[in-house]
Amino acid sequence: MQEQPDIAELSYEQARDELISVVSQLEQGSASLEASLKLWERGEQLAAHCESWLLGARKRLEAARRRDDDTDKA
């Protein structure tokens, strides 16, 4: 089995693309139970990593909007 990269090192796009691949493999249903469980676990980790990236992006956007609002009020 191919060694998988550390999820913490993946960009959002890399994690998203791997998650799509994991979902596709699970949907095919051809993997053994053990392999399916490992895929599921990896998918959960990838989904959490993507969500973390998105939450970080949302916080950055909100901070930028607050700065813009503060600049407009000055």
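**Notebook: helix α1 and its contacts with α2**

I began at the end of the helix, where glycine 29, just after α1, takes a positive phi of about 70°. I note here that the model I am reading is a predicted one, and I keep that in mind for every value below.

**Helix α1.** I looked up the dimensions of α1 and found that it has 17 residues and reaches 24 Å from its first C-alpha to its last, which is close to the 24 Å expected at 1.5 Å a residue. I then asked which residues of α1 are buried, and the list I obtained is Ala15, Glu18 and Val22. They cover an arc of only 70° around the axis, so they sit on the same side of α1. I recall the general background that an α-helix has 3.6 residues a turn, so residues three or four places apart point the same way. Turning to the face of α1 that points away from its buried side, I found that it carries the exposed residues Ile20, Glu27 and Gln28. When I checked what covers the buried residues of α1, I found that the cover includes α2.

**The nonpolar core.** I next looked up the largest nonpolar core, which has seven residues in all: Ile7, Leu10, Ala15, Val22, Leu39, Leu46 and Cys50. Both α1 (12-28) and α2 (33-73) supply at least two residues of this core, and α2 gives the most to it, with three residues. As general background, nonpolar side chains in soluble globular proteins tend to be buried together. I followed one core member, alanine 15, and, leaving out residues up to four places away in sequence, I found that alanine 15 touches Leu10, Leu46, His49 and Cys50.

**Salt bridges.** How many salt bridges does the count come to? I noted two salt bridges by the rule applied here, and I went through each of them.

In one, the side chains of arginine 16 and aspartate 17 meet at 3.1 Å, N to O. I checked the accessibility of both partners: arginine 16 has a relative accessible area of 33% and is therefore partly exposed, and aspartate 17, with 42%, is likewise classed as partly exposed.

In the other, the side chains of glutamate 18 and arginine 42 meet at 2.6 Å, N to O. This pair links distant parts of the chain, since glutamate 18 is in helix α1 and arginine 42 is in helix α2, 24 residues apart. Are these two partners buried or exposed? Glutamate 18 has a relative accessible area of 17%, and because buried means under 20%, I enter glutamate 18 as buried. Arginine 42 stands at 8% relative accessibility and so also counts as buried.

**Surroundings of the buried pair.** I listed the neighbours of each partner, again not counting residues up to four places away in sequence. Glutamate 18 touches Gln4, Pro5, Leu10, Arg42 and Leu46. Arginine 42 touches Gln4, Pro5, Ile7, Leu10, Glu18 and Val22. Reading these against the core, I note that Leu10 and Leu46, both listed for glutamate 18, belong to the largest nonpolar core, and that Ile7, Leu10 and Val22, listed for arginine 42, are core members as well. I also recorded that the side chain of arginine 42 makes a polar contact with the side chain of glutamate 18, at 2.6 Å.

Definitions and conventions. Residues are numbered from 1 along each chain as its sequence is written. This is a predicted model: local features need pLDDT of at least 70, side-chain atom pairs count only at pLDDT 80 or more; totals for chains, interfaces and linings use all residues. Side-chain values use heavy atoms; hydrogens and water are left out. A nonpolar core is a set of buried Ala, Val, Leu, Ile, Met, Phe, Trp, Tyr and Cys residues joined through side-chain atoms within 4.5 Å. Buried means under 20% relative accessible area, exposed over 50%, partly exposed in between (1.4 Å probe, protein chains only). Helices (H or I, at least four residues) and strands (E, at least two) are DSSP runs, numbered from the N terminus. Contact means heavy atoms within 4.5 Å. A salt bridge is a side-chain nitrogen of Lys or Arg within 4 Å of a carboxyl oxygen of Asp or Glu. A polar contact is a pair of N or O atoms within 3.5 Å; within protein, one must be able to donate a hydrogen and the other to accept it, and residues adjacent in sequence count only if both atoms are side-chain atoms. The expected span of a helix is 1.5 Å times one less than its number of residues. The arc is that of the directions from the helix axis to the C-beta atoms.
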